[in-house]
Structures are given as structure tokens and as C-alpha cells.
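Please walk through the model shown here, moving from helix packing to the core and then to the loops.

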Amino acid sequence: MISLKKKIVVLMVALSCVSVSCTDDFEEINTDPNRIEKISPGTLLNPILYEMASFNTSRSDAYTFEIMQVALPYPSPSGGEHRYDIGDNAGNSTWNTYYRWLTNIKEMHAAAVAAQDPNYEAIALTLNAWTYSLLTDSFGDVPMDEAARGDEGIFYPAFNTQEEVYRRILGDLETANSLFDTSKDMIYGTEILYGNDAADWQRFCNSLRLRLLLRVSKRTEMGSFEKMAAMINDPAKYPVFTSNDDAAILQIPGIPPLISPWGRAVDFRTGRAAAEFFVDNLNNMNDPRLSKFFGQARLKDGTTTIGYKGIPSGYAGGEAQFDFTPSNLNIALVTAPMIAVIMSYAEVEFIKAELAQKGVITSDAQTHYENGVKAAIEQWGATVPAGYFENPAAAYDGTLERIMLQKYYALYFNDYQQWFEYRRTGLPVLPTTEAMLNNKQVPVRFRYPASVQISNSANYRKAVETMGGDDINTKGWWEK
């Protein structure tokens with residue numbers, strides 16, 4: 001897997017409470033000993049990082065793998081996400097988890113402002129933008145201005161449009177970049193992502209801004225291409241990832257509380273199979289990630305291996321139609337020590353490749369493409385074979401289709417990013433079957449949770465009217 005970062009990160013989460021000494025008996029009796037009376041800017045940082053990264057990794061497997069033809073249940077009953085059968089509750093955990101941690105990010109930001117610490121303030125703004133981008137890209141319009149304000153008596157928050165959310169978070173990332181002070185030490189504990197390196201955090205902030213500007217680039221009023229070109233042409237002001245060591249990839253060593261999201265690693269591969277589309281492309285490219293991602297398929301005798309072979313997503317009929325047992329997921333991926341990908345260096349190179357291919361920047365698209373492929377392969381502990389880019393299936397051919405195919409593999413196990421990028425570009429082109437539901441269309445969002453529909457019904461109805469429906473095919477603002 002990815003090499004250790006340039007600094008040794010102290011792998012301890014700041015979960016301890018701040019003790020308060022009370023001399024007055026009445027105050028002592030009426031103080032909850034389990035409640036944090038005052039937090040520092042660093043108190044919540046590690047829990048936010050671990051819980052968000054851990055949840056996103058589990059959702060990548062549970063949802064993105066199926067919707068984007070990476071893996072699927074095997075044997076598979078009728079229905080399921082790989083057949084585009086999306087239940088009304090599919091997004092509930094996403095909604096609840098993100099809002100829970102957005103509340104903590106808000107507290108972290110307030111503590112940073114109170115402490116007048118620009119680095120922690122910038123980090124809080126970055127985490128807020130990251131989480132809201134995941135939330136709005138999953139649902140569309142979401143509460144933002146009035147969210148997490150129950151302490152002010154706002155229990156039924158109004159929804160912000162997706163455009164409003166994006167304008168806010170992109171502005172916050174610009175502000176965060178200007179706040180970072182790399183000469184100032186981060187003093188509130190040791191955080192688990194970068195080991196208190198503010199320069200690394202600044203690179204993450206700007207790399208994330210590139211991702212989100214590209215996400216909304218179809219909306220020409222946002223001026224995304226001009227802003228991205230300005231960032232890339234001024235790396236001193238807008239530093240971004242330049243190697244795998246810079247990437248926002250969380251090391252999970254398996255030492256409590258930093259444990260694998262899979263309590264039993266075997267559950268990761270039980271009842272699962274590799275998808276044919278995902279495996280076939282890797283086979284065609286003679287890609288070394290195959291052995292990192294999967295085990296080999298076997299004949300029905302259970303012992304004879306036949307290489308890496310998947311089955312079609314959304315297949316019709318029963319599993320008896322296959323005369324082999326398909327490749328399964330590699331248990332090593334979720335056996336600690338493992339990694340949880342927040343944002344990779346490879347993604348930045350593929351963003352640059354796309355911008356160069358479109359003529360937005362003047363650098364060489366092929367160079368960025370090959371840098372991205374190499375980084376994505378090495379991220380998982382493999383090595384690019386000699387002659388890899390001489391293979392017509394892997395060589396850069398000047399098209400956006402080729403860039404997006406390799407970006408699809410670079411976004412493997414990275415929360416919902418494969419799904420979001422497919423919705424932006426329609427690439428890679430995924431095969432369909434007659435057993436797929438939803439008119440064989442990839443869904444573009446989750447429905448709002450039933451709890452939101454019931455408890456915040458007036459604001460829910462307004463949001464649905466603005467968006468044009470609460471349906472899995474209702475496109476968001478940046479998709480139109």
C-alpha cells in the first residue's frame with residue numbers, strides 16, 4: 001500500500017475530556033463528569049477524520065462498488081444496487097453521518113476562531129467543504145445556513161440550493177488557503193492525517209478546490225476553468241498534491257480506536273464477486289492492481305484457478321449459469337494496517353490531464369495522464385510494469401474517454417467519487433443488461449430520508465419543488 005508519509009504520525013485520537021476543577025460544592029454536584037466543558041481547536045479533529053474516512057470507505061464498498069460495476073453480491077437475489085434497484089432508505093446513513101460530523105466541524109471552527117488560530121480555522125473550513133460537497137452531491141439541495149443550530153432553537157432548517165452550497169464551500173476553500181500559516185506550529189495535539197503539517201493541509205485544501213471546481217464546470221457562470229487555470233499556474237499561492245506522500249490518505253493501523261471498518265475482515269469478501277467490466281479492463285491493460293484488488297477465479301472444482309474473471313453487474317437469471325466461481329475481493333484491503341482514501345494525488349493529475357486535453361492549461365495531457373496512472377498504481381503498493389503505456393489499452397490516445405477510464409480506477413475505494421464523476425461526464429460507458437431496473441439508467445441521487453420528510457415536511461416540500469422532485473433520477477444543479 002501507500003508508503004508512509006514523510007512524518008511519523010502519532011496514532012492516537014484525542015478523545016479524552018477536559019477536566020474542570022470546581023471548588024464550589026454546588027457546581028461540582030451539578031457538573032456532568034462525562035461532558036467536555038470546553039474544547040480546544042484540536043479536540044475533535046481526529047475523531048472527525050477517522051469516523052468520516054472510515055464511514056466513506058465502508059460506503060464505497062456497500063454502494064459505489066455496485067452502482068459503478070466494481071463488485072456485486074454473489075450469489076445475488078433479484079434487485080440490488082447493481083441492478084439499479086435503490087431503496088428509499090439507501091441514503092439514510094449518509095445523511096445522518098455527515099450531519100453528525102458537520103456539527104462537530106462547526107464546534108471545531110468556533111474553537112479555532114476563539115483561539116485565533118488560523119491553521120485550525122482553515123482546516124475546519126476545509127473539512128466543512130469536503131463534507132458538504134459529499135452531502136450535496138449525494139442528495140442535491142440540503143440544509144446549510146440553518147443546519148446544526150438546534151442550540152439556537154432552529155429544529156426545522158430550511159434547505160439551501162446546491163448552487164448556494166457550492167458557492168459557499170468554494171469560497172470557504174479560497175478563504176482557507178489564505179489563512180494557512182505554514183510558519184506557525186499546530187499545537188493542539190497531534191492529528192492523524194498529516195502529523196500537524198500545515199503545508200500538507202494547505203495542499204489538500206487546494207486539491208479539493210480543484211476537484212469541486214471541475215465538478216461544477218458545466219455551469220459556466222461559475223468560471224471554473226479560469227479559476228482552475230489560475231490555481232495551476234500559480235503553485236506558490238495555490239500548492240496542490242505533487243506526490244503520493246502529499247495525498248489525503250488516512251493510515252489505519254488497527255490499534256484501537258483506529259481499527260478497520262470491518263470488524264471481521266472476512267465479511268468484506270463473503271458473498272461478493274468482482275464485476276466483469278472492472279476486471280476485464282484491468283486484464284486488457286495487464287494491470288498490476290488486479291492481484292491487489294482481487295483473488296483469482298476458480299473452476300467449480302474449487303481448486304483450479306483460471307486467472308482474474310468477474311461476472312456481469314445486473315445479470316439475469318441465477319448463478320448456476322456461470323461455470324466458474326468468480327474472482328472475489330482481496331481481504332488484505334480491509335485488514336489493518338490499511339488505508340482510507342480521502343483524496344489522492346492521482347486524482348489531481350487526472351484533473352490536470354482533463355484540463356490540458358481541453359486546452360484550459362498548456363501543459364502536456366499525456367504526461368499528466370501517465371503521472372496519474374503511475375500514482376494510482378503505486379498508491380496500492382504495485383509497480384507500473386515495463387511497457388505498460390505501450391499497450392494500446394493503457395496508452396493515452398488523446399481522448400477524454402481514456403482519461404476518465406483510468407480516473408475511474410484511480411478513484412477506487414474513494415467514497416462516492418466514481419459515481420459523482422460518472423454523473424458529471426457519463427464516463428466510463430458502463431454496460432447494461434435486461435435485468436437492470438430504472439430504465440437501465442444509473443441513479444443520480446439518494447432520496448431524502450423519511451425522517452426528514454416527516455419532521456421537516458414544510459422545508460422538504462419547498463426543496464423538492466425547487467429541485468423538480470425527490471426521485472433517484474432528479475438531477476442536481478451541476479448536472480444540468
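In which sense, left-handed or right-handed, does H3 pass H4? The crossing is left-handed. The model is a predicted one, and this helix pair is a convenient place to enter it. Helix H3 covers residues 92-115, and its axis comes within 9 Å of the axis of H4, at a crossing angle of roughly 160°. Since angles over 145 degrees count as roughly antiparallel, H3 is roughly antiparallel to H4. Sorted by class, the residues in the contact of H3 with H4 are 17 nonpolar, five polar and one charged.

H4 also leads into the interior. The largest nonpolar core has 141 residues, and Leu127, Tyr132, Trp201 and Tyr412 are those with the most contacts inside it. Helix H4, residues 118-139, gives the most to this core, with twelve residues. Leucine 127 can be followed outward: apart from neighbours within four places in sequence, its contacts are Leu45, Ile48, Leu49, Ile105, Met108 and Trp201. There is also a second, separate core of nine residues, including Leu72, Tyr74, Ala273 and Ala275.

Further along the chain, helix H12 is part of two helix pairs. One partner is H10, residues 345-357, whose axis comes within 10 Å of that of H12 and crosses at roughly 170°. H10 and H12 are therefore roughly antiparallel to each other. On the H10 side, the residues that meet H12 are Ala346, Glu347, Phe350, Ile351, Ala353, Glu354 and Gln357. On the H12 side, they are Leu400, Ile403, Met404, Gln406, Lys407 and Ala410. The contact of H10 with H12 comprises eight nonpolar, two polar and three charged residues.

The other partner is H13. The axes of H12 (residues 400-410) and H13 (residues 417-425) come within 10 Å, with a crossing angle of roughly 165°. H12 is thus roughly antiparallel to H13, and their crossing is left-handed. Here Met404, Lys407 and Tyr408 of H12 meet Gln418, Glu421, Arg424 and Thr425 of H13. By class, the contact of H12 with H13 contains two nonpolar, two polar and three charged residues. Met404 and Lys407 appear in the contact with H10 and again in the contact with H13.

The loop that follows H13 holds two backbone features. Leucine 427 and proline 428 are joined by a cis peptide bond, with omega about -5°, and proline 428 sits in the loop between H13 and helix H14 (450-455). Lysine 440 lies in the loop between H13 and H14. Although lysine 440 is not a glycine, its phi is positive, at about 65°. Its relative accessible area of 32% makes lysine 440 partly exposed.

Which residue has a positive phi near 70° without being a glycine? That is asparagine 196, in the loop between helix H5 (162-179) and helix H6 (198-215). Is asparagine 196 buried or exposed? With a relative accessible area of 18%, asparagine 196 is buried, the cut-off for that term being under 20%.

A cis peptide bond also runs from proline 256 to proline 257, where omega is near 5°. Proline 257 belongs to the loop between strand S4 (248-252) and strand S5 (272-274). Aspartate 267 is in the loop between S4 and S5, and a relative accessibility of 37% places aspartate 267 among the partly exposed residues. Between the C-alpha atoms of aspartate 267 and alanine 386 there is a separation of 36 Å, for residues 119 apart along the chain.

On the other side of S4 in sequence, valine 240 occupies the loop between helix H7 (224-232) and S4. Valine 240 counts as buried, at 11% relative accessibility. Which residues does valine 240 touch, not counting those up to four places away in sequence? They are Arg203, Asn206, Ser207, Leu210, Asp246, Val348 and Lys352. The C-alpha atoms of valine 240 and phenylalanine 225 are separated by 16 Å, and the two residues are 15 apart along the chain.

Methods: Residues are numbered from 1 along each chain as its sequence is written. This is a predicted model: local features need pLDDT of at least 70, side-chain atom pairs count only at pLDDT 80 or more; totals for chains, interfaces and linings use all residues. Side-chain values use heavy atoms; hydrogens and water are left out. A nonpolar core is a set of buried Ala, Val, Leu, Ile, Met, Phe, Trp, Tyr and Cys residues joined through side-chain atoms within 4.5 Å. Buried means under 20% relative accessible area, exposed over 50%, partly exposed in between (1.4 Å probe, protein chains only). Helices (H or I, at least four residues) and strands (E, at least two) are DSSP runs, numbered from the N terminus. Contact means heavy atoms within 4.5 Å. Axes are lines fitted to C-alpha atoms, for helices over the stretch in contact, and angles run from 0 to 180 degrees between N-to-C directions. Angles under 35 degrees count as roughly parallel, over 145 as roughly antiparallel, 65 to 115 as roughly perpendicular and the rest as oblique. A crossing is left-handed if the near helix is turned anticlockwise from the far one by less than a right angle, and right-handed if clockwise. Ala, Val, Leu, Ile, Met, Phe, Trp, Tyr, Cys and Pro count as nonpolar, Asp, Glu, Lys and Arg as charged, and the others, Gly among them, as polar.
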